[in-house]
Amino acid sequence: MANYGDYQLRIYLDGLSGKLPELPVSFEDLERGAEEVMSAQLWSYVAGGAGDERTQRANVASFDRWGLMPRMLAGAAQRDLTADLLGTSLPTPLMMAPVGVIGLCDAEGHGDLATARAAAATGVPAVVSTLMQDPLEDVAAALGDTPGYFQLYPPDDRELTESFVRRAEAAGYAGIVVTLDTLTLGWRPRDLSLASFPQLKGLCLANYFTDPVFRSHLDASPERDPEAATMRWATTFGNPKLTWDDLAWLRSLTDLPLLLKGICDPEDVRRAVDGGVDGVYCSNHGGRQANGGLPALDVLPEVVDAAGDVPVIFDSGVRTGADVVKALALGATAVGVGRPYAYGMAVGGAAGVEHVLRCLLAETDLTMAIDGYPDVASLTRGSLREVR
């Protein structure tokens, strides 16, 4: 059985005939390449964070505080990266986190479909955003046999919220991920300096513009009056009025697995589990929406402890395969990656995303091999030491 680390052998063998990789293999080169091809507005939106971006940087730096203890003669010639999430056996614990402008990161403007095709090619599940360039049904069809999860920004309209959930069910998504850490927009100086907010231009709103409930509230169709439809979206997108009292209603909307995203406090974890959620998604939105907070990785162990048997997905600051390994060792069931695959989309479309995912899986696999961890279960908190 092949290991994911064998991806590097293909690169080295190509080098024997003078062929170099067409796409970057390090995050730094990937980031530079994406900046070169993205517009200033799109680069600001994807690369930027809240405030002075201190929390965004802290998310990344927090991984440096942990080191993996190497264990020799562990018989790690073959590595088992399989993970069980909500009763589904996944080939690896890697996931694609939702990126609300991934549709625009593709040169053809169909990045949501390209993401789904990359998921189908690699077996890496995608958590797809409410904010899409293509309708959620079309994206689900492109996922093939790879599970997809629908990320829901609950609008300030219960009927519309229910419509989104019903559509996701009918399209075959494997679960609903409710994002709670962006119920209102954060302070983002990069975007403010450019006065740029893509959705206010009617971009990435395909799910709204194709929804029968949303359309029923319009005087004219989005095709005839896109500006009015966009303004209607702007008045319904944020819903800071949501409270824990609304969890029972959210739970009642679907029999699909329900996960809450943006959970970092152990008490919130316990309330979520008591409220019947099937999974917890530990994240601070990558530092994109609120500055001055804790690195998400720092609270991951407490979230895992409070969750008990409920699975925990983690994202925020993941840049390398070594980061994936550390998050798994701290108890994450699955690990989401965001900006790296968005940059992969910018430089290479679906093929770029697939390349980024295979690089991350190769580094994850080889890190486990060299340090003596033959499977995900062997990664525990005892595998890590604080770096002094």
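Here are a few worked exercises on this structure, which is a predicted model.

**Exercise 1. Strand 7 and its neighbours**

Work out which strands pair with strand 7, and in what direction they run.

*Solution.* Start with strand 6 (residues 148–152): three bridges join it to strand 7, and the two run parallel. For a handy landmark, look at Q151, which stands opposite V177 in strand 7. Now go to strand 8 (residues 258–261), which is joined to strand 7 by four bridges, again in parallel. Here the landmark is V178, whose bridge partner in strand 8 is L260.

Next, trace the connection from strand 6 to strand 7. Helix 8 (residues 158–171) completes a β-α-β unit with these two strands, and the unit is right-handed.

**Exercise 2. Two faces of one strand**

Decide which residues of strand 7 (residues 176–179) point to each side, and whether those sides are covered or open.

*Solution.* Begin with the general pattern: side chains in a regular strand alternate between the sheet's two faces. Apply that here, and I176 and V178 go to one side, with V177 and T179 on the other. Then check burial, for which the cut-off is under 20% relative accessible area. These four residues are all buried, so both faces of strand 7 are covered.

**Exercise 3. Positive phi in the loops**

Find where H285 and S316 sit, and say what is unusual about their backbone angles.

*Solution.* First, the expectation: most residues other than glycine have a negative phi. H285 has a phi near 65°, a positive value. Its place is the loop between strand 9 (279–282) and helix 15 (296–307). S316 also has a positive phi, near 115°, and lies in the loop between strand 10 (312–314) and helix 16 (321–329).

Are these two loop residues buried or exposed? H285 has a relative accessible area of 12%, so it counts as buried. S316 is buried as well, with a relative accessibility of 5%.

**Exercise 4. The largest pocket**

Describe the largest pocket: its volume, its centre and its lining.

*Solution.* Take the volume to begin with: the largest pocket holds about 650 Å³ of space. Its lining is made up of 40 residues, and the closest to the centre are Y45, R188, H285, R288 and Q289. So H285 from the previous exercise turns up again, as a buried residue that lines this pocket.

Then ask which elements contribute. Helix 3 (40–47), helix 9 (189–194) and strand 11 (334–337) each supply at least two lining residues. Finally, sort the lining by class: 18 residues are nonpolar, 15 polar and seven charged.

Key. Residues numbered from 1 in each chain as written. Predicted model: local features only at pLDDT ≥ 70, side-chain atom pairs only at ≥ 80, totals over all residues. Heavy atoms only, no water. 1 Å grid on protein atoms, 1.4 Å probe; cavity = no way out; pocket = protein on both sides within 12 Å on 5 of 7 lines; lining within 4 Å. Points joined across faces, edges and corners; volume = space filled by probe spheres on them. Nonpolar A, V, L, I, M, F, W, Y, C, P; charged D, E, K, R; others polar. Buried < 20%, exposed > 50% of the residue type's maximum accessible area, 1.4 Å probe, protein only. Pairing = 2+ DSSP bridges. Right-handed = clockwise from strand over helix to strand, strands pointing away.
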